[in-house]
Amino acid sequence: MIRKGGGTLIEALMVLFLMLWNISGTHAQGCLFSETHENDTGVIMLQNGARHVHAQLIKKRAADFEPVIAEVGPVFESGQTHFLQAVDRHQLSIFDWFTAECSAALDANDSVAFAMKMAARRALMPDGTYPEHGFSNGDFHTAPGTWAIGAKLCYDNGFLDLPTEALWDIERMKALSETKCNELARTVSSFESVGVPLQMTLDDPEMNQRYVFHKCSISSKLGTYGLGCAMANCMYSYCFLADGRVGQGRQCNSSWMEASLVSPHMEAVFGFSP
């Protein structure tokens, strides 16, 4: 039906609709968006009858739901191989190298020396133990080339959250290891011997805790500091990367196992020059 003034019932309904739309749009201002659609350009907001691309919102969603995987380099440079082999080759004991080398580091008040010695050993494990594209298990992810077994042990026991500056202070390391051993004594019912297949620990956080608890009483001489050496290894060689993955070696620190920095510790503590 035509009304005087040129209006129509349809036009009147359209005006009413737009009024309701505007009220709804105003009410929705407190939300991120009132209605969204996904297309090739990202999130599109429909508000007040106009289409607006919200670049910041798109970026936020990308950060929330699609973490950017940063490029990382190798655990160590190819030119370091000979030096790492020289550090690893010298052992104080072929039967119980962990206790012998940890004891030497404790006697010299040098936590870093053990960590460096261990770093070379764990960087040269047999082929196949360093996933080329990284390893994932639940919330745990490693960067390409990282030794997943060692990284998981550090991750499961919270050693990646320890203050790295403590690594250079033997008294702080003693205190940290004693505190952790007391904690494990309350929560872990038994410990795994050093003969446990380490591959099994990738799927069992509790086994990793029992495994390190063994270090708390590995020898009467070391006392709880046996765990301190395990902590030192984690603090020196592993870290959380910016994207949440666990990295190793030069992925964490560009000066990791630099010969000029490592050799003085090897000479002073273990009596050899790599």
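# Disulfides, salt bridges and a pocket

Author: Let me start with one bond: Cys102 and Cys229 form a disulfide, with 2.0 Å between their sulfur atoms. This is a predicted model, in which local features need pLDDT of at least 70 and side-chain atom pairs count only at pLDDT 80 or more, while totals for chains, interfaces and linings use all residues. Residues are numbered from 1 along each chain as its sequence is written, and side-chain values use heavy atoms, with hydrogens and water left out.

Reader: What makes the pair Cys102 and Cys229 a disulfide?

Author: The term stands for a pair of cysteine sulfur atoms within 2.5 Å. The sulfur atoms of Cys102 and Cys229 are 2.0 Å apart, so the pair meets that cut-off. The link of Cys102 and Cys229 is right-handed, with 95 degrees about the S-S bond. Cys102 sits in helix α4 and Cys229 in helix α9, so the disulfide ties together parts that are 127 residues apart in sequence. Helices here are DSSP runs (H or I, at least four residues), as are strands (E, at least two), and both are numbered from the N terminus.

Reader: Why is Cys102 called buried?

Author: Buried means under 20% relative accessible area, exposed means over 50%, and partly exposed is in between (1.4 Å probe, protein chains only). Cys102 has 0% relative accessibility, so Cys102 counts as buried. Cys229 also has a value of 0%, and is therefore buried.

Reader: How many disulfides does a search of the whole structure find?

Author: The search finds four. One of them is Cys154 with Cys234, whose sulfur atoms are 2.0 Å apart. This link is left-handed, at -85 degrees about the S-S bond. Cys154 belongs to helix α6 (residues 148-156) and Cys234 to helix α9, so distant parts of the chain, 80 residues apart, are linked. Cys154 is buried at 1%, and Cys234 is buried at 1%.

Reader: Why is the disulfide of Cys181 and Cys216 called left-handed?

Author: The torsion about its S-S bond is about -95 degrees, so the disulfide is left-handed. The S to S distance between Cys181 and Cys216 is 2.1 Å. Cys181 is in helix α7, and Cys216 is in the loop between α8 (205-213) and α9, 35 residues apart. With 4% relative accessibility, Cys181 counts as buried, and Cys216 is buried with 10%. If you number the bonded cysteines of the chain in sequence order, the pairing reads 1-5, 2-6, 3-4, 7-8.

Reader: What makes Arg250 and Glu77 a salt bridge?

Author: A salt bridge is a side-chain nitrogen of Lys or Arg within 4 Å of a carboxyl oxygen of Asp or Glu. The closest N and O atoms of Arg250 and Glu77 are 3.8 Å apart, so this pair qualifies. Arg250 is in the loop between β7 (246-248) and α10, and Glu77 is in the loop between α2 (55-65) and α3 (81-89), so the pair ties together parts that are 173 residues apart in sequence. Arg250 counts as partly exposed because its relative accessibility is 22%. Glu77, with 37%, is partly exposed. By this rule the count comes to nine salt bridges.

Reader: Are Arg121 and Glu101 buried or exposed?

Author: Arg121 is buried, and so is Glu101. Their side chains meet in a salt bridge of 3.2 Å, N to O. Arg121 lies in helix α5 (residues 111-123) and Glu101 in helix α4 (residues 97-107), 20 residues apart. A network of salt bridges links Asp88, Glu101, Lys117 and Arg121.

Reader: Where do Lys180 and Glu183 lie?

Author: Both are in helix α7 (residues 170-187), three residues apart, about one turn of the helix. Their side chains meet in a salt bridge with 3.2 Å from N to O. Lys180 counts as buried because its relative accessibility is 13%, while Glu183 has 33% and therefore counts as partly exposed.

Reader: Which residues lie nearest the centre of the second largest pocket?

Author: They are Leu167, Trp168, Met235, Tyr236 and Asn253, from a lining of 15 residues. The elements giving two or more residues to this lining are α9 (225-237), β6 (238-240) and α10 (259-270). On a 1 Å grid over the protein atoms alone, a pocket is an open set of points where a 1.4 Å probe fits, with protein on both sides within 12 Å along at least five of seven lines; lining residues have an atom within 4 Å of a point.
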